[in-house]
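Work through the exercises below with the sequence and the structure in view. Try each task before reading its solution.

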Amino acid sequence: MVAEAAAAETWTFEDLCLWVYCVVDELWTQIAPYDRRPGPAPACSDAELVTMALIGEAKGWDQETELLSEWAAHRDLFPHQPSRTRFNRRRRALQGAINELRRLILGLLDLAADRQCVIDALPIPVIRFHLVAGANRANWQAYEARFGKVPSKKLTIFGYKLYLLVGLNGVILDFVLAPANVLELHAGVELLEEHTDLDAVGDKAFVSAPVAERLAAENRVRLITLPRRNQRRQAPPAVRRLVNGARQIIETVTGQLTEQFHIEVNHAQSFWGLTARLLTKLTAHTLCLYLNRLLGKPEFRHIKELAFPI
C-alpha cells in the first residue's frame, strides 16, 4: 500500500498508459478466444488499440483525428499506430469486446457489489437540433433515433437517451440506450428488470406505484422516489436524505461523463460508430475507478487527476 500511495503521488501520463495497458492486456486473454478474426495479426494489437482508445476518451480526445494526432507524439509508448480509418473500423469491430472488458473490470471492482443505486438518463443527440431539418436522418431513423424532450435542460433533441444505473459509490453498473421519445419510466423499467435485489432511487419521472409494486414482487427491486408535491402522502426525512444524497452521486457521474468524456457530443456518422464511442467512454470511466482503487486512493471518485496529472 505504501508503494501504491507513492506511485499515486508521482503519477504521470506514462504511468497512466502503463497501468491501463497492463489491465487491458491481462484481461484481454479472457476475451481474445471469443473475438477471433481472419487474417494476420495487426502490428498494433487489439490490447494496444483499446488502450489508446480508452486513454483518449479519458483525456477528452473524442475525435479520431485529434486522438491520433495526440498519440503521434507518443510513439515511444505505442510505436505501431493505425491510420484514422483503420482505427475507426477496428474500434467499431471491437465494441462488443470493449463492453466485455467493462464487465470483467466490474467483476474485479469491489465497489460494484453495492446494491443501492440510482437511475437517471443523459441526452445523446446525434445531430445538432438546428441542423436536423436539412440533414439526412434516414440512417439514424433506421436505428430508431427520434425527437424527444429533455425537461431538465428544457431541450428537444434528435437521437437517444442513455439510461444509467449507478451505485451510490459512483460505479456505472449497467445502462441501456433508448430512442429519445421513449418515456423515461418505460426505459428505466427495462433496465431495472435485468437486475434483482436492488434499492434504486429515481427522480419524478419514475413515480409509479404499479411499476414499483411489480418490480418489488418480480425482481425484488425497491424503486424509491419522492412523491410529487401535490400528493397527500409525503416521504419521511430519512428517505428524503437518501434520495438527495443519491442525486448528488448521479450528478457527479453525469458531470464527469459530460465534461471529461464529452458523452453528449456526437462525432459519429453511423449508429454503430456512436455505440462504439459510448461503450469506450463507459468502459474508460469504470477503468478509472478501478485504477484509483488499485492505487489506494481514498477519493476514488476523483478520476480526472488520472488523465490530467498535476
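**Exercise 1: one helix, two sides**

Task: Find which residues of helix α9 (residues 209-219) are buried, and where they sit around the axis.

Solution. The buried residues of α9 are V211, L215 and N219, where buried means under 20% relative accessible area, exposed over 50% and partly exposed in between (1.4 Å probe, protein chains only). Helices (H or I, at least four residues) and strands (E, at least two) are DSSP runs, numbered from the N terminus. The three lie on the same side of α9 because they cover an arc of only 35° around the axis, the arc being that of the directions from the helix axis to the C-beta atoms. On the other side of α9, the exposed residues are A209, P210, E213 and A217. Next, look at the cover: α8 (184-192) and β6 (221-224) are among what covers the buried residues of α9. Just after α9, R220 has a positive phi of about 55°.

This is a predicted model, in which local features need pLDDT of at least 70 and side-chain atom pairs count only at pLDDT 80 or more, while totals for chains, interfaces and linings use all residues. Residues are numbered from 1 along each chain as its sequence is written, and side-chain values use heavy atoms, with hydrogens and water left out.

**Exercise 2: the nonpolar core**

Task: State how many residues the largest nonpolar core has, and which helix gives the most to this core.

Solution. A nonpolar core is a set of buried Ala, Val, Leu, Ile, Met, Phe, Trp, Tyr and Cys residues joined through side-chain atoms within 4.5 Å. The largest one has 99 residues, and W71, L101, W140, L164 and L257 have the most contacts inside it. Helix α11 (residues 271-294) gives the most to this core, with 11 residues. Now take L101: leaving aside neighbours within four places in sequence, L101 is in contact (heavy atoms within 4.5 Å) with V24, L27, W28, I31, V50, L54 and T283.

**Exercise 3: the partners of R91**

Task: Find the salt bridge that joins R91 and E57, and say which parts of the chain the pair links.

Solution. A salt bridge is a side-chain nitrogen of Lys or Arg within 4 Å of a carboxyl oxygen of Asp or Glu. The whole structure holds 13 salt bridges. In one of them, R91 meets E57 at 3.1 Å, N to O. The pair links distant parts of the chain, with R91 in helix α5 (residues 84-93) and E57 in helix α3 (residues 46-59), 34 residues apart. Both R91 and E57 are buried. R91 also meets E64 in a salt bridge, at 3.4 Å, N to O. Finally, E57, E64, R91, R277 and K281 are linked in a network of salt bridges.
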